[in-house]
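Student: I have a structure open and would like to go through the labels people put on its parts. Could you help me check each label against its rule?

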Amino acid sequence: MTDGGTWADRRRARRRSHGDHTGRGFEHGDRRGLPPGDVETVAKYLKERVYATFTGLAIVLVLAANVEHHDAPDALFSLVIGVVGITLAGLVAEMIAHLAAHGAFPDERGWHSMLRIAWGSLLTVATPTILLVLAVFDVMELETSLRVSAIVYLVTLGLSGWVAVRRARLSVWQQLIALAALVLLGVLVIGVQVLAHG
């Protein structure tokens, strides 16, 4: 044994100082050991992505329900402008909130964080845009591209909800109940969004 102890001793010491895979030893109870500011940024990033995904899904569902009244370029424009609009609204809202809370515009790090969040929202439209571009060039039927886009959005929302529930410190039954509640709330939000865009 050396003065630094055995390899196992040093490894245990590192775990105690940095936190192990269960999250014990991390400040503020965060499982990944992220500083509070970074945790807040991740939360905002996911929140804006969910907003944009709900908006995109509602637009796609409305277009699919009235596919005979739209052509592919029109559908593509409606989807992109809708998601860009909700993204810009989120960015402006974040700026206003920052001004109200801090009395000043964000610093360089704050702007970088806000732009990353906005970029994450815009990425939600990437796959549906590709599908609709294929419809524009008659590679795919418009109705098919809209249906596949809706599936992509639904899978994205489902995975987001599942990840959120899995990260929560709940029992299996509580996780199932929480997931069911999220699904019901998601259906309600989609219904309201469809009515608003219809």
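Tutor: Gladly; we will take the labels one by one and set values against cut-offs.

Tutor: Keep in mind that this is a predicted model.

Student: Let's start with the fold. What helices and strands does the protein chain have?

Tutor: The protein chain has seven helices and zero strands. Read from the N terminus, its elements run α-α-α-α-α-α-α.

Student: Why does Val 62 count as buried?

Tutor: Buried means under 20% relative accessible area. Val 62 has 12% relative accessibility, so Val 62 counts as buried. This residue lies in helix α2. The C-alpha atom of Val 62 is separated by 8.5 Å from that of Leu 195, although the two are 133 residues apart along the chain.

Student: And how much of the protein chain is buried?

Tutor: Buried residues account for 30% of its 198 residues.

Student: What makes Lys 44 and Glu 40 a salt bridge?

Tutor: The cut-off is a side-chain nitrogen of Lys or Arg within 4 Å of a carboxyl oxygen of Asp or Glu. The closest N and O atoms of Lys 44 and Glu 40 are 3.2 Å apart, so the pair meets the rule. Both residues lie in helix α2, four residues apart, which is about one turn of the helix.

Student: What about Glu 94 and Lys 44?

Tutor: Here the closest N and O atoms are 2.6 Å apart, and the pair forms a salt bridge. Glu 94 lies in helix α3 and Lys 44 in helix α2, so this pair ties together parts that are 50 residues apart in sequence.

Student: Which residues are linked in a network of salt bridges?

Tutor: Glu 40, Lys 44 and Glu 94 are linked in that way. Lys 44 takes part in both pairs, one with Glu 40 and one with Glu 94.

Student: Are the residues of that network buried or partly exposed?

Tutor: Partly exposed is the range between under 20% and over 50%. Lys 44, with a relative accessible area of 22%, is therefore partly exposed. Glu 40 is partly exposed too, with 45%. Glu 94 has 19%, so Glu 94 is buried.

Student: How many salt bridges are there by this rule?

Tutor: The count comes to three. One of them joins Arg 147 and Glu 143, whose side chains meet at 2.9 Å, N to O. Arg 147 and Glu 143 both lie in helix α6, four residues apart. Glu 143 has a relative accessible area of 37%, so this residue is partly exposed.

Student: Now the empty space. What makes a space a cavity rather than a pocket?

Tutor: In a cavity a 1.4 Å probe fits but cannot get out, whereas a pocket is open. Counting those of 30 Å³ or more, there is one cavity. The largest cavity has a volume of about 80 Å³, so it passes that size limit.

Student: Which residues line the largest cavity?

Tutor: Its lining consists of Glu 48, Thr 87, Gly 90, Leu 91, Glu 94, Met 114, Ile 117, Ala 118 and Ser 121. The elements giving two or more residues to this lining are α3 and α4. By type, the lining has four nonpolar, three polar and two charged residues. Glu 94, met above in its salt bridge with Lys 44, is among the lining residues.

Student: What can you say about the second largest pocket?

Tutor: About 420 Å³ of space lies in it. Of the 19 residues that line this pocket, the closest to its centre are Thr 41, Lys 44, Arg 109, Gly 110 and Ser 113. Two or more lining residues come from each of α2, α3 and α4. The largest share, seven residues, comes from α4. The lining divides into five nonpolar, seven polar and seven charged residues.

Student: Finally, which residues have the most contacts inside the largest nonpolar core?

Tutor: They are Leu 79, Leu 132, Leu 142, Leu 146 and Tyr 153, in a core of 21 residues. Elements that give two or more residues to this core are α2, α3, α5 and α6. Its largest share, six residues, comes from α2.

Student: What does Tyr 153 touch?

Tutor: Leaving aside residues up to four places away in sequence, Tyr 153 touches Thr 53, Gly 56, Leu 57, Val 60, Leu 79, Val 83, Thr 124, Val 125 and Pro 128.

Terms used
Residues numbered from 1 in each chain as written. Predicted model: local features only at pLDDT ≥ 70, side-chain atom pairs only at ≥ 80, totals over all residues. Heavy atoms only, no water. 1 Å grid on protein atoms, 1.4 Å probe; cavity = no way out; pocket = protein on both sides within 12 Å on 5 of 7 lines; lining within 4 Å. Nonpolar A, V, L, I, M, F, W, Y, C, P; charged D, E, K, R; others polar. Core = buried A, V, L, I, M, F, W, Y, C linked by side-chain atoms within 4.5 Å. Buried < 20%, exposed > 50% of the residue type's maximum accessible area, 1.4 Å probe, protein only. Contact = heavy atoms within 4.5 Å.
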